[in-house]
Amino acid sequence: MHEGHEQMFRRRFFISTLLSIPVLLYSEMLQEWLGFSVPAFPGSEWVNPVFAFIVFAYGGIPFLQMAVPELKDRSPGMMTLISMAISVAFVYSLATVVFPAQSAFFWELVTLIDIMLLGHWIEMRSVRRASSAVDELAKLMPDTAERITDGGDTEEVPVGELSEGDLVLVRPGASVPADGIVEEGDSDVEESMITGESKPVSKEPGDKVIGGTINGDGSLRVRVGATGEETTLAGIMRLVEEAQQSKSKTQVLADRAAGWLFYVALGAAVVTAIAWTLAVSFSATVIERVVTVLVIACPHALGLAIPLVVAINTSLAARNGMLVRDRIAMEEARNLDAIIFDKTGTLTEGEHGVVNMATVDGVNEDDALALAAAVESDSEHMIARAIHEAANERDLTVPDATDFEAIKGRGVRANVVVSGFAGGSVDSSDGGDEVYVGGPNLLTRLDSEVPGHLQRFADEAGQNAQTVVYLVREGELIAAFAMADVIREESYRVVDALHELGIEVAMLTGDSQDVANAVANELGIDTVFAEVLPGDKDKKVQELQDQGKLVGMVGDGVNDAPALTRADVGIAIGSGTDVAVQSADVILVQNNPMDVVRLVKLSKASYRKMQENIIWAAGYNVLALPLAAGILAPVGILLSPAVGALLMSLSTVIVAINAQLLRRVDLSLPDLRGMTPPTDAQIAD
């Protein structure tokens, strides 16, 4: 829509401007001002009326057409004022042809229309550029896909013909045609346009991929899970469109101001007409003053002030992985007094990791970790995954294990070949050592004695709300591992950055009080809600609201739905493959709590731009209306309709430029000592 309007205003501006040249050349007033003359010819007196009529009929008709809905809705605004101004000037100027008067407004009329067309062209061009996020997202989806047939061959089909369950081949450098699961292949996929994260994401069998993302150097076979309107990209596009079409509180205020300005303009025009009639009697001068008042009062800049900021804000947010469903919530984010984070999966990784370990004399940590990983090789338990991850991080060689057995409620056991292992008692020709991994209940069953330094290690881990698992070889306890839900590296920076913004940070979790306190103390969190059942999370949000605080809630958008709905600003995090989160106001595509800070900073910057634009637009009218009415006429200062139109358009240009400066807002976070610098924020095109 904006592109069509942009082209229409552009075309009419250039044609109307060309048609205005003869009117300007044959204007006696301009000839006198600029000291030039043009040759007269039979009928030259009709140049101005004829060309002015054409410009009015061609260039002015869009404003008249757009004023009709305002009048039908009984909500006069910008188009009504423009239409009134050019109609009054046109009718009066034609009247001077039939009833000769001191002056006509032909040149003022055509220049007024030209400037109005130029202003609207600039407006539509700016809004269209700012609203390009949806178009850019749409371009990400390829037109065709390579579907793998039952016989193993490939066939090129339109993306629209893909169905759930189809297997597609994604070649290196190609776009992923639909959401799905990788069944075969390894590659790095560029997801920056979807998530805002510039670093390619490694994909292997079992990983999810998003339609529209770009495959790297590897080849992937993907089982289609969603197509068409069900894909992540389609959901993002819907959210961006909804956000761009919705109105914030500030937009509503600007719309009301435009309506008020119509009545102010009418009142000012009436007062101006009466005052000038009493002063100089009714004449062309009175009409000129009235027309000038109506032109100056036109709320063109006011109509652009908020929508353009909203469009740029939405585009910029989408570029940085923030999808805004509710404009009012986005605006309210700047005023948040407290933000509650769900702990697991938001402030923490959501998976256990090995955070510390201790061994007996004669056994080094790498050997103990490799031995534990061997025992846990066939287990899918989160502790097993944590031990394997720790071993992989150290690039350890894990020995072979046989006769795996899970001991319910206690741990696991296996026979492990430990030839070459420090303290190993058998060689590889034997069946291996009997090795156990488990918690305190395992030690009770095995009646194993805990060495003093390992007991002190376990006690300290318990005080830090960490889980301890033990490694037992041939009945001898040789190592202990402290396990914890690992705190995200970003969480430290997020809490500090929110404190710098004057926002209280709270944490909500179903974990024990000890675990919650340990995480809170580590991060410097202000308020802790522990041992909270999922159904009671919204009550904790209400507790802070009852204290008079504006509260934001950050959760996964599923388990935290009641709390997200209860909060003044509900923020769903880690929902990159499920953007249709109905309970949240803002959706963060990346599973990254740092974007919460970016959201607050963008909200503050956007609101500041809205305020600045309203001041520029409305302040201009407040100052210019008295001048248009002729309050300084006694000292020789009068504004003509054309000058009024020029000044009004300059106000519009200033508002448009000021809104564009929002693209330069710094959404990066401060570096903290000992922390990796944050990923650079993305700017809007």
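Hi everyone, let me start with the surface: the protein has an accessible surface of about 30800 Å², and 53% of that belongs to carbon and sulfur atoms. Please keep in mind that this is a predicted model. Turning from the surface to the interior, buried residues make up 51% of the 685 residues. On the secondary structure side, we have 24 helices and 22 strands to talk about. As for contacts, if you take those with a separation of 6 or more, 69% of them join residues 24 or more positions apart.

Let's go to the seven-stranded sheet. It is an open sheet with mixed pairing, and its strands run in the order β10-β22-β21-β20-β11-β18-β19. At the edges sit β10, residues 322-324, and β19, residues 527-529, each pairing on one side only. From one strand to the next, the twist averages 20°. If you zoom in on the β10 edge, you'll see that β10 pairs with β22, residues 586-588, in the antiparallel sense over three bridges. One bridge you can pick out there has L323 partnered with I587 in β22.

Which helices lie across these strands? One of them is α21, residues 537-546, which lies across β11, β18, β19 and β20. Relative to β11, α21 runs at about 165°. Another is α23, spanning residues 594-629, which lies across β10, β11, β20, β21 and β22. Here the angle is about 50°, taken against β10.

While we're in this part of the chain, have a look at S491. You'll find S491 in helix α19, residues 489-500. Is S491 buried or exposed? It is buried, because its relative accessible area is 0%, where under 20% is what counts as buried. Leaving aside residues up to four places away in sequence, S491 touches T346, L347, L523 and P593.

Now for the three-stranded sheet. This one is also open, with the order β6-β5-β8 and antiparallel pairing. The edge strands are β6, at 201-203, and β8, at 214-215, and each of them pairs on one side only. In between, β5 covers residues 187-190 and makes two bridges to β8, in the antiparallel sense. To find that pairing on screen, look for V189, which stands opposite N215 in β8.

Next, a helix pair. The axes of α15, residues 365-375, and α16, residues 382-393, come within 9 Å of each other and cross at roughly 135°. That angle is why we call α15 oblique to α16. The crossing, for those who like handedness, is left-handed. And which residues meet there? From α15 we have L369, A372 and A373, and these meet I387, H388, A390 and A391 in α16.

Last stop: two loop residues with backbone angles you may want to look at. D447 is not a glycine, yet its phi is positive, near 55°. It lies in the loop between α17, residues 440-446, and α18, residues 452-463. D447 is exposed, because its relative accessible area is 69% and the cut-off is over 50%. Then there is E474, again not a glycine, with a positive phi of about 55°. Its loop connects β16, residues 467-473, with β17, residues 476-487. With a relative accessibility of 45%, E474 counts as partly exposed.

That's my tour, so thanks for listening, and I'm happy to go back to any of these views.

Conventions. Residues numbered from 1 in each chain as written. Predicted model: local features only at pLDDT ≥ 70, side-chain atom pairs only at ≥ 80, totals over all residues. Heavy atoms only, no water. Helix = DSSP H or I, 4+ residues; strand = E, 2+ residues; numbered from the N terminus. Buried < 20%, exposed > 50% of the residue type's maximum accessible area, 1.4 Å probe, protein only. Contact = heavy atoms within 4.5 Å. Areas by Shrake-Rupley, 256 points an atom, 1.4 Å probe, with all protein chains shown as cover. Pairing = 2+ DSSP bridges. Axes fitted to C-alpha atoms, helices over the stretch in contact; angles between N-to-C directions. Parallel < 35°, antiparallel > 145°, perpendicular 65-115°, else oblique. Left-handed = near helix turned anticlockwise from the far one by under 90°.
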